[in-house]
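Q: I am in my first year and would like a close look at a single part of this structure. Could you take one residue, follow its contacts outward, and explain the picture with care?

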Amino acid sequence: MAVTVATQTARLQRMFPEMTSAVASEYMGYAHRELCFDMPLYTLDEEIVLDGSSQTFSINEDDLRVWSGTYRYSSTLSKPLRATTKRKMEISMSGWRNTAEQIPSLYCIVDESGTKKVMLYPSPSVATSPATTAGYPRVTLNVSRYVALSTNLPSGLVIPDVYCLLAAKKYALDHGMFDRAQILDPQVHLAIQKNLQGFDFKVADAPPESTPGYRFPSTAR
């Protein structure tokens with residue numbers, strides 16, 4: 001059964017009786033944008049066809065997070081790509097820029113002059129791919145996109161109260177109620193983890209936020 005946004009908004013207002021409906025909706029929006037990054041609420045596969053002329057490829061500006069990458073030799077052959085960061089490569093892989101072209105094994109998200117791109121390592125060589133079908137080799141990225149809230153919360157949530165809990169925490173922080181925010185923090189964390197476990201998504205293979213995961217800059221509160 002679908003859980004409505006109105007239900008979560010009403011619960012948020014019960015937690016903070018001074019909160020108006022407009023303010024409650026605003027904080028639900030803040031929570032939603034953050035949760036679109038924290039959980040695979042709205043995911044899709046972004047396909048990037050490799051042409052052998054570049055190591056970096058543009059991705060959609062609406063991508064919030066890249067969860068995983070797959071190198072596809074053909075329609076039937078593929079290999080998973082491991083996520084990393086450019087900084088990690090600079091520190092632990094001396095000379096990576098001079099590696100000869102071959103089938104890539106890593107990917108990372110970079111910002112080139114304000115444009116989001118995925119960088120493959122080693123630089124892909126189309127010539128070494130056993131593809132025989134047009135449109136290959138290619139890379140498939142599983143990404144999270146932002147979708148505005150409507151009447152119902154996203155499907156698949158085991159703990160829908162994660163919305164009002166996160167909104168409440170953000171409201172408490174903004175209004176100097178730090179003790180209350182501290183109480184809410186572990187509740188938010190637990191609700192997110194329970195929801196991740198409930199999604200039909202191989203979360204164990206998703207990149208940890210500290211290194212492989214990448215959160216794109218946002219002006220949202």
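A: A good place to begin is Thr 140, which, leaving aside its neighbours within four places in sequence, is in contact with Asp 45, Glu 46, Glu 47, Ser 68, Gly 69, Thr 70 and Arg 72. Please keep in mind that the model is predicted.

Thr 140 itself belongs to strand 7, which covers residues 138–145. Is this residue buried or exposed? Its relative accessible area is 4%, and because buried means under 20%, Thr 140 counts as buried.

Two of the contacts can be described in finer detail, since they join polar atoms of side chains. The side chain of Thr 140 makes a polar contact of 2.7 Å with the side chain of Glu 47, and another polar contact, of 2.8 Å, links the side chain of Thr 140 to that of Arg 72.

The strands around this residue help to place these partners. Strand 1, residues 43–49, pairs with strand 7 in the antiparallel sense over seven bridges, and within this pairing Glu 46 has Leu 141 as its bridge partner in strand 7. Strand 3 also pairs with strand 7 in the antiparallel sense, over eight bridges, and here Arg 65 stands opposite Ser 144 of strand 7.

If we now step back to strand 7 as a whole, we find that the strand is mostly covered, with eight of its eight residues buried. This covering concerns both faces of the strand: on one side Arg 138, Thr 140, Asn 142 and Ser 144 are buried, and on the other side Val 139, Leu 141, Val 143 and Arg 145 are buried as well.

Following strand 3 (63–72) onward along the chain, we reach the loop between this strand and strand 4 (78–83), and in that loop lies Ser 74. Although Ser 74 is part of a loop, the residue is buried, with a relative accessible area of 9%. A polar atom of the side chain of Ser 74 lies 3.2 Å from the backbone nitrogen of Leu 77.

For a contrast with the two covered faces of strand 7, it is useful to look at helix 1, residues 5–15, where Val 5, Gln 8, Thr 9, Leu 12 and Met 15 are buried. Seen down the axis of helix 1, these buried residues fall within an arc of 115 degrees, so they line one face of the helix. The face turned away from this buried side carries the exposed residues Ala 6 and Arg 14, while the buried residues of helix 1 pack against helix 2 (21–38), helix 4 (162–174) and helix 5 (178–198).

Notes
Residues are numbered from 1 along each chain as its sequence is written. This is a predicted model: local features need pLDDT of at least 70, side-chain atom pairs count only at pLDDT 80 or more; totals for chains, interfaces and linings use all residues. Side-chain values use heavy atoms; hydrogens and water are left out. Helices (H or I, at least four residues) and strands (E, at least two) are DSSP runs, numbered from the N terminus. Buried means under 20% relative accessible area, exposed over 50%, partly exposed in between (1.4 Å probe, protein chains only). A polar contact is a pair of N or O atoms within 3.5 Å; within protein, one must be able to donate a hydrogen and the other to accept it, and residues adjacent in sequence count only if both atoms are side-chain atoms. Contact means heavy atoms within 4.5 Å. Two strands pair if DSSP finds at least two bridges between them. The arc is that of the directions from the helix axis to the C-beta atoms.
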